[in-house]
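Grab a pencil and work through these exercises with the model open beside you. Each task comes with a step-by-step solution.

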Amino acid sequence: MGTMRFHFLIFLLLAHPARGLCESLQDPSDHGPEVSAFISFTKDEEEELEFQIQRNEISRKEYVRSKRRIAVHRQVVLDIVKKSGEDVVPELHVVAASEVDQLIEDGTKALRGAKPGVILNEKWKLIAAVTRGELFYVFERVSK
């Protein structure tokens, strides 16, 4: 009986990893209206993904990548907001490493050795490179 309970607990942890912890760290009421709206938006996006995966509208691979992309986007925005102290959500583009060339011409080549802050092709500022199951790059469009 104890083994069955243990396996059930492991299942719950794997099915909903640190859900309560993550939600408490990203409580919209802890932020201003713009950041709160962004957090609510990302939660809505996650709910939509849950809906799609439950109805087999997307593949498991698409689901996992999208969940990771949302998590990276949210974390980078929260890090920027924490550092700046401002209630401003920057417009960021989060792409998997395999998608970089779709966003930036010769982007994979341009990223070799690039550090956050570098401007690529005079259009994109590299904000971060984050590994969450796979490598994601976070960019901000540079306005002239």
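**Exercise 1. Follow the salt bridges around E99.**

Solution. Start with E99 and R69, whose side chains form a salt bridge at 2.9 Å, N to O (a salt bridge is a side-chain nitrogen of Lys or Arg within 4 Å of a carboxyl oxygen of Asp or Glu). E99 sits in the loop between β1 and α5 while R69 belongs to helix α4, so the bridge ties together parts that are 30 residues apart in sequence. (Helices, H or I with at least four residues, and strands, E with at least two, are DSSP runs numbered from the N terminus.)

A quick word on the ground rules: this is a predicted model, so local features need pLDDT of at least 70 and side-chain atom pairs count only at pLDDT 80 or more, while totals for chains, interfaces and linings use all residues. Residues are numbered from 1 along each chain as its sequence is written, and side-chain values use heavy atoms, with hydrogens and water left out.

Next, check accessibility. E99 is buried, with a relative accessible area of 16%, whereas R69 is partly exposed at 21% (buried means under 20% relative accessible area, exposed over 50%, partly exposed in between, with a 1.4 Å probe and protein chains only).

Now look for another partner. R65 and E99 also meet in a salt bridge, 3.3 Å from N to O. This pair links distant parts of the chain, with R65 in helix α4 and E99 in the loop between β1 and α5 (100–103), 34 residues apart. Finally, put it together: R65, R69, E99 and E134 are linked in a network of salt bridges.

**Exercise 2. Work out how α3 and α4 pack, and find a salt bridge between them.**

Solution. First, geometry: α3 (residues 33–54) and α4 (residues 60–84) pack at about 170°, their axes 10 Å apart. (Axes are lines fitted to C-alpha atoms, for helices over the stretch in contact, and angles run from 0 to 180 degrees between N-to-C directions.) That makes α3 roughly antiparallel to α4, a label for angles over 145 degrees.

Second, the contact, meaning heavy atoms within 4.5 Å. On the α3 side, the residues include V35, F38, I39 and L49, and on the α4 side they include Y63, I70, V77 and L78. By class, the contact has 10 nonpolar, 3 polar and 7 charged residues. (Ala, Val, Leu, Ile, Met, Phe, Trp, Tyr, Cys and Pro count as nonpolar, Asp, Glu, Lys and Arg as charged, and the others, Gly among them, as polar.)

Third, the salt bridge: E50 pairs with K67, the closest N and O atoms being 3.4 Å apart. E50 lies in α3 and K67 in α4, so the pair ties together parts 17 residues apart in sequence. E50 is partly exposed at 23% relative accessibility, and K67 is partly exposed at 25%.

**Exercise 3. Lay out the sheet and place α4 against it.**

Solution. Begin with the order: an open sheet of 4 strands runs β1-β4-β3-β2, with antiparallel pairing. (Strands pair if DSSP finds at least two bridges between them.) β1 (92–96) and β2 (119–120) are at the edges, each with a single partner strand, so one side of each has no neighbour in the sheet.

Then zoom in on β1 and β4 (residues 135–141), an antiparallel pair with 5 bridges. Here H93 stands opposite F139 in β4.

Last, add the helix: α4 lies across β1, β3 (124–131) and β4, at about 140° to β1.

Notes:
Angles under 35 degrees count as roughly parallel, over 145 as roughly antiparallel, 65 to 115 as roughly perpendicular and the rest as oblique.
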